[in-house]
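Work through the two exercises below with the structure open. Try each task before reading its solution.

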Amino acid sequence: MGDVLAGNHAVWELDSDADSVHIRFARGIRTPRLWTALGSRRIPVAAVREVVLSPGKRDTVVLRAVPRPGADPLMEAAAGQLKEACDPYRLVLPGERAPQAAAFADALRSRLGPDAAGPAPHFLVEAAQPPVHLKAYDARLGFDGRAVSLRWSRTGATSTKWKAGDQHYRLSDLAGVEWCSPEGSRGHLRLLPREPRQSPADPRPDHDLAAAVFGVGYGAVHESLPFAAAVLAALRGRAPAAAVPRPRPDDERLRHLGELHGAGLLTDAEYADLKNRFASAADV
């Protein structure tokens, strides 16, 4: 048991044994639906870049643990699109609890390591574990840990998707995932295959065989973002050996390695090691 800080709609506990912050989100009509869907999260201290304490609105104080880039698949998938009120790293407290918030912030800061300012080497925060499902406007999506399936809706899918039929993408066929928030304009979830199955002439999500479109009541943030994060986490968590291309001409192999590195499927060290290995083999 460590320091505990109770705020509006969430309780943060600094676990000294596990060196992490355990965040438990409250249930209630005023709690952001994303927080309710997450339930609780354990954030390793190693995933935190900095801790910020600032005045809030209406005599409140706001504590925010800023995650390191690349540490949390949920925040990486969100790509800055989450509204401030939905930020799971943000805790609002009544003004009179400012001293407690300051003490908690200092305790958390004292645990940050020397590498906190830099990007994380890999995902440090757990995402939802497969199987996970999502009902979008024009499709039902499922992810079992090995592949993502898209089953088109009879009422929502365009003729382009219906003619092509349901789609099935193995994890090994994907380079990434793109999530566009359904709030504001119409959003979508797009898989990024290494080799697209159709001409990119029509990039609209409602015609893209690797995309599912959101609508009112379909693909809300609290449903679609955790799904995107689960796929992204599985992609980044794949063993690098599974992503190494089959033998090809040397220039093609190096180009493919560059694509894997750019998609985040190989770390800098793994990319450099494989590149040097291929170059050495070519010299033999």
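**Exercise 1: Glu178 and its surroundings**

In this predicted model, a polar contact of 2.7 Å joins the side chains of Glu178 and His188. Task: state which strand holds Glu178, whether Glu178 is buried, partly exposed or exposed, and which residues Glu178 is in contact with beyond its neighbours within four places in sequence.

Solution.

1. Find the strand. Glu178 belongs to β12, which covers residues 174-180.
2. Classify the exposure. The relative accessible area of Glu178 is 33%. Buried would require under 20% and exposed over 50%, so Glu178 counts as partly exposed.
3. List the contacts. With neighbours within four places set aside, Glu178 touches His188, Leu189, Arg190 and Leu192. Of these residues, His188 is the partner in the 2.7 Å polar contact between side chains.
4. Check a residue far off in sequence. Ala78 is 100 residues away from Glu178 along the chain, yet their C-alpha atoms are separated by 8.8 Å.

**Exercise 2: A sheet of 4 strands**

Task: give the order of the 4 strands in the open sheet, name its edge strands, and find the bridge partner of Phe143 in β10.

Solution.

1. Write the order. The strands run β8-β9-β10-β11, and their pairing is antiparallel.
2. Identify the edges. β8 (132-135) and β11 (167-170) each pair on one side only, which makes them the edge strands.
3. Add the twist. From one strand to the next, the twist averages 10 degrees.
4. Take one pair. β9 (residues 139-143) and β10 (residues 147-152) are joined in the antiparallel sense over 5 bridges.
5. Locate the partner. Phe143 is bridged to Val148 in β10.

How values were computed: Residues numbered from 1 in each chain as written. Predicted model: local features only at pLDDT ≥ 70, side-chain atom pairs only at ≥ 80, totals over all residues. Heavy atoms only, no water. Helix = DSSP H or I, 4+ residues; strand = E, 2+ residues; numbered from the N terminus. Buried < 20%, exposed > 50% of the residue type's maximum accessible area, 1.4 Å probe, protein only. Contact = heavy atoms within 4.5 Å. Polar contact = N/O pair within 3.5 Å; in protein donor to acceptor, adjacent residues only side chain to side chain. Pairing = 2+ DSSP bridges. Axes fitted to C-alpha atoms, helices over the stretch in contact; angles between N-to-C directions.
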